[in-house]
Amino acid sequence: MPVILITDALIFLLIAVGIVFGLYAARHEHLRGPWRQVGRSPVAVAALVVMLFYVGIGVLDSLHFHPRIEPLAEVGSPAATVNEADAVTGPDGKTTPDEQGTDASGSQRSAEQAQEITQAKDTISAAEPGASAPTYSTQIISVLDLLLSGLRERQEKTFSAPFATHLFVKEAIEQPDGSVVRAYPRLEHGGAHLEDPSQRSFDLLFRGLFGAIKGLMVWTAIMAGLIALLGWRRRQSFNDTATALWRGETAVPWRVVLITLAIMLVLSFTAAELGAKYHILGTDKVGEDVFYQSLKSIRTGLVIGTLTTLVMLPAAILLGIMAGYLGGRTDDVIQYLYTTLNSIPGVLLIAAAILMLQVYMTNNADQFESLVERADLRLLFLCIILGVTSWTGLCRLLRGESLKLREVDYVQAARALGVRHSTVIARHILPNVLHIVMITVVLDFSGLVLAEAVLSYVNIGVDPTMNSWGNMINSARLELARDPIVWWSLAAAFLFMFTLVLAANLLADVVRDAFDPRLRSAS
Amino acid sequence: MRDALLQVSNLTAELGGDERPVRVCDGVGFAIRRGETMALLGESGCGKSMTALALMRLLPLGGRIVSGSVQLAGRELLTLTEREMRTVRGGGMGMIFQEPQTSLNPVLRVGDQIAEAVRLHGRLPRRRVTERVVELLRAVGIPDPARRASEYPHQLSGGMKQRVMIAMALAGDPQLLIADEPTTALDVTIQAQVLQLLKGLQRETGMAVLLITHDLGVVAETADRLAVMYAGQIVEQASVDAFFAQPAHPYSRKLLESVPSAGKRRGELAVIPGRVPPLDQAFEGCRFADRCPFVMETCRSGRIEWYQPNTEQWVRCLLWADPRSRFLPDEPGASPAAVGSDQVSEDARTDADALLVIEGLKVHFPIQKGLFRRTVGHVKAVDGVDLHIKPGQTLALVGESGCGKTTVGKGILQLEPPTGGQVRYTGVDLTRIAARQMRPYRKDLQIIFQDPFASMNPRMLVGDIVGEGMQSLGIERGRVPRRRRVAELLEQVGIGAQAMDRYPHEFSGGQRQRICIARALAVEPKVIVCDEPTSALDVSVQAQILNLLKRLQQELGLSYLFITHDISVVSYLAQEVAVMYLGRVVEQGTAAEVLDDPRHPYTKALLSAVPSMDKAGRREIIRLEGDMPSPSAPPVGCHFHPRCPEALPECRQAYPASVPITETHRAHCIRVDDQR
Amino acid sequence: MTAYILRRLLYAIPILIGVNLITFTLFFVVNSPDDMARMQLGDKRVTQEAIDTWKAEHGYDRPLLYNADAPRLQRLTDTIFFEKSLKLFAFDFGRSDSGRDIGYDIRQRMWPSLAIALPTLLVGLAIAISYALMIVFFRATYIDFGSVVLLVAMMSISGLFYIIGGQFLIGKLFHLVPISGYDTGLEALKFLILPVVVGVAAGIGSSTRLYRTFFLEEINRDYVRTARAKGLRERVVLFRHVLRNALIPILTGVVAVLPLLFMGALIIESFFGVPGLGSYTIDAINRQDFSIVRAMVFLGSVLYILGLILTDISYTLVDPRVRLS
């Protein structure tokens, strides 16, 4: 049974807006031209391929549903389902045993969760008697969860290093002879298929190669399809197209696209192959797979980076243009508004708003059906409040540009022709500031993804139960004091974030150069 | 040439990437003697400025000199190291640029900027440097040079800045001064000052000048010899006298014929069809062939050699290949397109009532200061202007930049709300009616702007731009009939209906100006305010636009308020002229009266400063001192008295009343009567 | 000039009132003091008495805007709005929810914040400007291209990793300086080095890239061509002409953030255990001490507006074209 969370709905709206805008841009040369230029930049297309992988994962993770409970499981089901529910809310569990936990509210929150799980249990058992209709679990999972259910369910007891076969901490193990030895126990899942852990490197190599070959096969298929398509469009033979492509003679650097695609596919398939038997990025304190966490965090990062701008755009565009074009009192009021908002330090405004939200949510906990929904609402709220702090920059830019455009000859000519103000704004001003909007949207994205990490670190970011890179870093930093160091959670968050932000930054550079003629001449 | 100071031969330079390089100058060769002024003449996009930069080896990033030789006083410049070349720049060759506004560093005092050049090209003790700076500033005619040296560029007027640029270029005592359009950005009275200054300096120092310009008048008045550049090549070289007596190349000839003047009033101006070809292609044959009325089969292939029609003229044109050939008197098939109706309209003038009456129009902008932004004064951009525009006539509003002529145009159309006065159209005072009531009158009053690149929304299709007024004023609501009408209009202005589905950037400046005219025509106006519609265009393109405007006036009976600073255009187009100075009209009358018998000292000075190609018709230039004062604090009494060569003590007392000279001619000057 | 500054200061008042209203709405209207008390007391099933005691202790037991029970003028003054919001205008921050004098704490903690923020700013500025100049000197070469890639990569790393990495490498691996802590006087120096280095490293990427575009923008101006035509060497052109013009936006940008340096660096301070205003704020957020957050919001706004005014003034000092009016 599909569930549409608020952020899901907004993501779909965003995709729709994107498609509509794409169609609009395709029909308007002043937008299509710069985008074509972006499409011809090797850096940009490479970045785009990488970002497509992220977006793909993010979209898969946005298709939520209540999983159906198999009627077969009905007999002994409650326990099983509850286990499952546990697994999902698992990431939150890690805040509970936090020894150094100064965070009182954290433990309080987990207490609530426990309570809620109990509730969930109740609902499930309540649903049972009406057996004939298909029953659905109250927990919400996404398509990505379904695809990664292997990773999700293979939990260890606690820390384990990447590709490890043994736990990271010593435990008392009861030997067959009854004596108790303190040693590193074998993992329940990671490398469990190995009879002898010393065969690990051979197994890794073999599986890795197998994954790489699978990736290459898929890539070859895609490449053949692409060349055939290009050849068909250019009315060339397959061989000619392939030669032109590999010599870099095509307008769009397809060669770069294919190389990037090859790297990403090989990495993905290798990771999938190895991930099926190992924890390739290790496990965290409560034994959850770090690779899984990293993948789940992608959606959070993307949502923050995109929805924030989507939320702020209408206000920024409308107010900015109005202030610049109409001037006078309107200008004064709007300037006052954004100076005031801007003068409040951003972090503090976010902190204040999020703290207030927390108080509200704690006191009205019963309004939320599930933890996922509550976390989702908090994510949305974070986007809104980030939008409130970040719209002022764009608004000021647009005000300045509209102020200039107001005096430009073609606007004067339109006024001499008796065109109404609203029409002048829609027809003359808006299309001529759209490139600024686009540059801002692209430039802001990476900044917002980075901001999420910092905010979550200060506990005013996304809900602690939600997977995010900020939360990963936040929980991992406390383990830095361990010796030997537990580095993999940090490394994973770093790797995934850095790749996304770097790709976004590189793309933003190219987009800005393409759309801003002033800068184009400078570089 | 044996005594050549600068000898350029076969200079070829390119810009841009290797795949499609733009060959900005291709096989350029010329020579300059010591002490002479050589003019490099050509329209925009011909590669004049790039040639100059190539001589200095200052091509922009990505530019390179492919081949050729540049010898200054026998020294080859292209093989020098960068360090050696630096001593040549400023030392051997000085350079001044077109835009004095942007060519000076805004955050350094002008004295320091000159001192920098002084120190580079002579080892002087510190105290001497300051003295030398003051000397230089004095030499370029800057009053109070010691004080000016400690000012920043923004505190100086445009003419002063250009003088500072000249002083800077002179600091190294160069043998050659390259002046790249030195007066294009200046008003004509200031232009006269600067040109005179250059000539004087040249006489004193004996330096040679390479003058780059598009203005034939400037060439005729200042240069000794000239080279005409077209599409990256020099196509004609001649002494100035020989050239203006009989230009040899068809391009030069067309260029000369397209300059408007009073003598050409009755006919159409000559136009050159098409545009300068882009320089990123490989040329074959003569580059002008496609636009040339005398084109022959042989023009289109091979290399065009130099021919010498007479001792002082060299030309790159096959028409002169036969030594006996003489230039054909008229282009084949062209008839002198005299327009007979001009006389009729001039007769009609006297009895027609004014269509648009402007009385005492004022546009003031408040100056706000202090704690509560109180208004402490006004910039009186327009301060009491009276104009009468008659049906089917052209009234030219002439003045230098900053005199408020553009604001008059905007005030009439209520684009800038007037502070006082009346704008009466068909008996209705447009300044008194609400914005909504203004809409029906918008149809009758239209405007064409100066900058063809800023006057069309780059995001709209040409068809939509032209149709915008019809749509908003409800003249043609249906989409299909509107498109049909737009197509007609585009045909009418000579663009063609197929332009409808293209974007403005696909058109050249002249074509865009035609589209703007079509946009104004679309609402079938009675009066069009033309705000310097041709001043951003090259002279041959200007001719096209002027022809078009004239034809439309005859066909449609339009009235024009033609705002301009270019006297030659006025004499060609206008029936009546009003001269503006500092927000007020100082002299008004028929074109013949004002231009041939100016009475106000300002008008006289203005007209005398216009460079003329005709040696015989040249007047003694009346030099005006200083610059136009600020319109926020106009001088007491006659606004012009501080600069007036004929001023009397009474001029300081009160602003002079309008003195009638004839029935139609009047001037605001108390000395008008003296001259009767 | 004086009139201008006075006008700007007057203009600041409605902005501060706006800030005050926003914080007041956020803290007292969205959630009632009761909710806050419940939150602070930490238990869902607190008695009403406990809540009332907590409110009385912390001065939240008054009505929000209008006290009908009080005599005359006190009807307006004896309210939460007056006590908690309006008093901020007199820089009377009151007491924190844990009972400490906020004003005193701020005065104490301001200096460690400044001791880190100021060196970070200055060193970062010096490095970024010199690096950007170098890139521009070698523009359109591989040095330019490589540097830009490096800068973009540096920008793409979260500040958190600079802190964690710096602490791990310098402090833990090489044992060069203490990992965290603070001391008074000169002793503080050894505690300052690491946060400053980390702060500088984290900021280099974006600022250098920004300055590079400033320089490139200037280098294409006409006056640079004039300077070259004089025969000046490229180095002089770059330093005397380009640098001077590009410094204007750089300098005024710096002046704008100067007052905000007092607010400290949030994450760095809390990570390195520096008792500055940044860590003070973070602690307050984590403890949910709203009095402190409110005070810091107000202080931040005041400093921001001060920065705006200083920016305008600095423009007139460095740019001869600008006159205040």
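1. Helices and strands here are DSSP runs, numbered from the N terminus: H or I of at least four residues for a helix, E of at least two for a strand. With that in hand, take residues 247-272 of chain C: the span is 69% helix and 0% strand, and its end C-alpha atoms lie 33 Å apart. Residues 191-211 of chain C, by contrast in wording only, come out as 100% helix and 0% strand, with 30 Å between the end C-alpha atoms. Both spans are on the UniProt list for "transmembrane region" (unreviewed entry), which also has 9-30, 114-136, 148-171 and 292-318 of chain C. UniProt positions are given in the numbering used here, feature names are shortened, and annotations may be inferred rather than shown by experiment.

2. Some housekeeping. This is a predicted model, where local features need pLDDT of at least 70 and side-chain atom pairs count only at pLDDT 80 or more, while totals for chains, interfaces and linings use all residues. Residues are numbered from 1 along each chain as its sequence is written, chains are lettered from A and ligands numbered from 1 in the order in which they are written, and side-chain values use heavy atoms, with hydrogens and water left out.

3. Chain A in outline: 19 helices and seven strands. Of its 523 residues, 53% count as buried (buried is under 20% relative accessible area, exposed over 50%, partly exposed in between, with a 1.4 Å probe and protein chains only). If you take contacts (heavy atoms within 4.5 Å) between residues at least 6 apart in sequence, 75% of those in chain A join residues at least 24 apart.

4. Now the cores. A nonpolar core is a set of buried Ala, Val, Leu, Ile, Met, Phe, Trp, Tyr and Cys residues joined through side-chain atoms within 4.5 Å. The largest one has 178 residues, and A:Leu382, A:Trp469, A:Ile473 and C:Met296 have the most contacts inside it. Helix H11 of chain A (residues 290-326) gives the largest share of this core, 18 residues. Apart from it there is another core of 75 residues, including B:Leu6, B:Leu104, B:Leu176 and B:Ile190.

5. A:Ile473 deserves a look on screen. Neighbours within four places in sequence aside, A:Ile473 touches A:Ala453, A:Leu490, A:Ala493 and A:Met497, plus C:Leu160, C:Phe161 and C:Ile164.

6. Is A:Ser468 buried or exposed? A:Ser468 counts as buried because its relative accessibility is 1%. The residue is in the loop between helix H16 (421-457) and helix H17 (469-477) of chain A. Its contacts, again without neighbours within four places in sequence, are A:Ser297, A:Thr300, A:Glu452, A:Ser456 and A:Val462. The C-alpha atoms of A:Ser468 and A:Leu295 are 9.2 Å apart, with the two positions 173 residues apart along the chain.

7. On to the chain A and chain C interface. The size of an interface is often given as the accessible area lost when the parts come together. Buried area here is the accessible area (1.4 Å probe) that two parts lose on being put together, summed over both. Chains A and C bury about 4,500 Å² between them, 73% of it on carbon and sulfur atoms. The contact takes 53 residues from chain A and 49 from chain C. One salt bridge is found across this interface (a side-chain nitrogen of Lys or Arg within 4 Å of a carboxyl oxygen of Asp or Glu). A:Asp509 and C:Arg209 form a salt bridge at 2.3 Å, N to O.

8. Chain B against chain A: about 2,100 Å² is buried between them, 52% of it on carbon and sulfur atoms. In chain B, B:Leu415, B:Arg459 and B:Glu468 lose the most area to chain A, together 30% of what that side buries. The contact involves 26 residues of chain B and 21 of chain A. The salt bridge count is one, and B:Glu468 pairs with A:Arg427 in a salt bridge at 2.8 Å, N to O.

9. Chain C is divided into domain 1 (2-90) and domain 2 (111-318), with bounds from an automatic or database domain assignment. Their centres, taken over C-alpha atoms, are 36 Å apart. C:Arg8, C:Phe27 and C:Leu88 supply 32% of the area that domain 1 buries against domain 2, more than any other three residues. C:Arg8 also meets C:Asp312 in a salt bridge (2.3 Å, N to O).
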